[in-house]
Amino acid sequence: MTELVQLSDVLAAREVLRGVVRVTPLEPSRPLSELLDGPVWLKCENLQRAGSYKVRGAYLRISRLTAQQRRGGVVAASAGNHAQGVALAAGLLDIASTVFMPEGAPLPKVAATKRYGAQVEFAGATVDEALDAAHEFADRTGAVLIHPFDHRDVIAGQGTVALEILEQCPDVTTIVTAVGGGGLVSGIAVAVKALRPQVRVVGVQAAGAAAFPPSLAAGEPTRLGTMRTVADGIAIGRPGDLTFAHVSELVDEIVTVSEEEISRALLMLLERGKQVVEPAGSAAVAALLSGAVRPGTPTVAVLTGGNIDPLLLLRVIEYGLAAAGRYLRFRVRCGDRPGELASVLSLIAQQRANVVDVEHHRRDPQLRLGEVELALSVETRGPEHSAGLVEMLRGHGYQVMFAADGA
């Protein structure tokens, strides 16, 4: 039977990390508090050094290496946050580091990892494949593998997040956090269940990369056949053996959220909370907004990371606006007559909608002679406003179509 990390391990980790990591702030969330009719707080690990909680476990693990192990350097695999945490920790301890990242890793995360001093190598399309390459590198060179989640020191280091939460919000009833491989939720659960066993600990996975639900159902870690999610930070195909044991024993619930729900949460955090987070970092908030979790309050949602590619941020914002009914893409067919485009735009303006983009097509073979098609992207105030706009255009005789119409 796997021996679980103990509270004493987490308390010892806090002493090692004192002065190295930030005690990140706990910020109130008015929109979530209104939604849940009680206090909801955001634990802002997106403001941690290197942009996520990962430096906690990475530093603790590396700091405990022997002098001989340090001379051989360390190696890690990550899509970005663990990479930066390892690179920063290794640099602080004057140890050479190599990080394997998936081929599609976000460029800002790659650049940041290099700036912290790591040698970056690319391997595979997923974190799991990069981890295989890191294992091979460790075997070949003698470098110590710093696993992103499946190690006692990593779990203990991440558990220090919970110690801060319990001190900052003594009456917390529920803690919700994103889950990839399970290191953070395991560490949080170790500390919480030892100090406040009545507090619920809930993990959240992206529905397109949710390895824990089938693993828990099977009673053992199970590998996913495929993964697809914008939340690359929690796209892990198989739980670790150690983290699976912790989640099975200590975590109250694992839920999933969709890509739309993640995007809407990220948009809400940006607009209402003034918090820049990556998609994985918004997963806990997505679970609260969507109703996947119905917690008692006070509730604390952990914002696990803030390292997001600006180009991805633009796409996710657009996706979030569309999911919230505030960004409308549609096509209008009308006669190829002078002033017709101006008439359509005038009608949209009368509805107080904002045209973001417009394309004018007249050479599509599906169009009839004397007919053109306008492809429009429009900002609206919400679903009712969008529906009213479409109804108004159709009421003026225009054919309005969406991608699902297949026309």
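Let me begin with helix 15, whose buried residues pack against strand 11, strand 12, strand 13 and helix 16, the last of these covering residues 383–395. Before going further, I should say that what we are looking at is a predicted model, and that everything I describe this morning is to be taken in that light.

Which residues of helix 15 are buried? They are Glu 340, Val 344, Leu 347 and Ile 348. Seen down the axis of helix 15, these buried residues fall within an arc of 100°, so they line one face of the helix.

Now to the sheet itself, which is an open one of 4 strands, in the order 12-13-11-14 and with antiparallel pairing. Its edge strands are strand 12, residues 354–361, and strand 14, residues 399–401, each of which pairs on one side only. From one strand to the next, the twist averages 25°. Helix 15, which spans residues 340–350, packs on this sheet and touches strand 11, strand 12 and strand 13, and its direction makes about 25° with that of strand 13.

As general background, strands of a sheet pair through backbone hydrogen bonds, and they do so either in parallel or in antiparallel fashion. Here, strand 11, residues 327–335, and strand 13, residues 371–379, are paired in the antiparallel sense over 9 bridges. If you would like one pair to find on the screen, take Arg 333, whose bridge partner in strand 13 is Glu 373.

What follows helix 15? The helix is followed by Arg 352, whose phi is positive, near 60°. Arg 352 lies in the loop between helix 15 and strand 12, and at 66% relative accessibility it counts as exposed, because the cut-off for that word is over 50%. It may help to recall that most residues other than glycine have a negative phi, and that most peptide bonds are trans.

With that background in mind, there is another residue to look at, Asp 94, which has a positive phi of about 60° although it is not a glycine. Asp 94 sits in the loop between helix 5 and strand 4, the strand being residues 97–101, and with a relative accessible area of 72% Asp 94 is exposed. As for the peptide bonds, the one from Thr 297 to Pro 298 is cis, with omega near 5°, and Pro 298 is found in the loop between helix 13, residues 283–290, and strand 10, residues 299–303.

Let me turn next to helix 1, starting with its contact with helix 8. At what angle do helix 1 and helix 8 pack? The angle is about 85°, and the axes of helix 1 and helix 8, the latter being residues 152–168, are 8 Å apart. The two helices are therefore roughly perpendicular to each other. On the side of helix 1, the contact is made by Leu 7, Asp 9, Val 10, Leu 11, Ala 13, Arg 14 and Leu 17, while helix 8 contributes Arg 152, Ala 156, Gly 157, Gly 159, Thr 160, Leu 163 and Glu 167. Sorted by character, the residues of this contact of helix 1 with helix 8 divide into 7 nonpolar, 3 polar and 4 charged.

Helix 1, residues 7–17, also meets helix 3, residues 54–63, and here the axes come within 10 Å and cross at roughly 85°. Helix 1 and helix 3 are therefore roughly perpendicular to each other. In this contact, Ala 13, Val 16 and Leu 17 of helix 1 meet Arg 56, Tyr 59, Leu 60 and Ser 63 of helix 3, and the residues divide into 5 nonpolar, 1 polar and 1 charged.

I will finish with two single residues, taking first His 82, which is found in helix 5, residues 81–92. Is His 82 buried or exposed? With a relative accessible area of 3%, His 82 is buried. Leaving aside its neighbours within four places in sequence, His 82 is in contact with Lys 54, Ala 76, Ala 77, Ile 146, His 147 and Pro 148.

The other residue is Val 247, whose place is in helix 11, residues 241–250, and which, at 3% relative accessibility, counts as buried. If we do not count residues up to four places away in sequence, Val 247 touches Val 185, Ser 186, Phe 212, Leu 216 and Ile 254. The C-alpha atoms of Val 247 and Leu 47, which are 200 residues apart along the chain, are separated by 26 Å.

Technical notes: Residues are numbered from 1 along each chain as its sequence is written. This is a predicted model: local features need pLDDT of at least 70, side-chain atom pairs count only at pLDDT 80 or more; totals for chains, interfaces and linings use all residues. Side-chain values use heavy atoms; hydrogens and water are left out. Axes are lines fitted to C-alpha atoms, for helices over the stretch in contact, and angles run from 0 to 180 degrees between N-to-C directions. Angles under 35 degrees count as roughly parallel, over 145 as roughly antiparallel, 65 to 115 as roughly perpendicular and the rest as oblique. Contact means heavy atoms within 4.5 Å. Ala, Val, Leu, Ile, Met, Phe, Trp, Tyr, Cys and Pro count as nonpolar, Asp, Glu, Lys and Arg as charged, and the others, Gly among them, as polar. Buried means under 20% relative accessible area, exposed over 50%, partly exposed in between (1.4 Å probe, protein chains only). Two strands pair if DSSP finds at least two bridges between them. The arc is that of the directions from the helix axis to the C-beta atoms.
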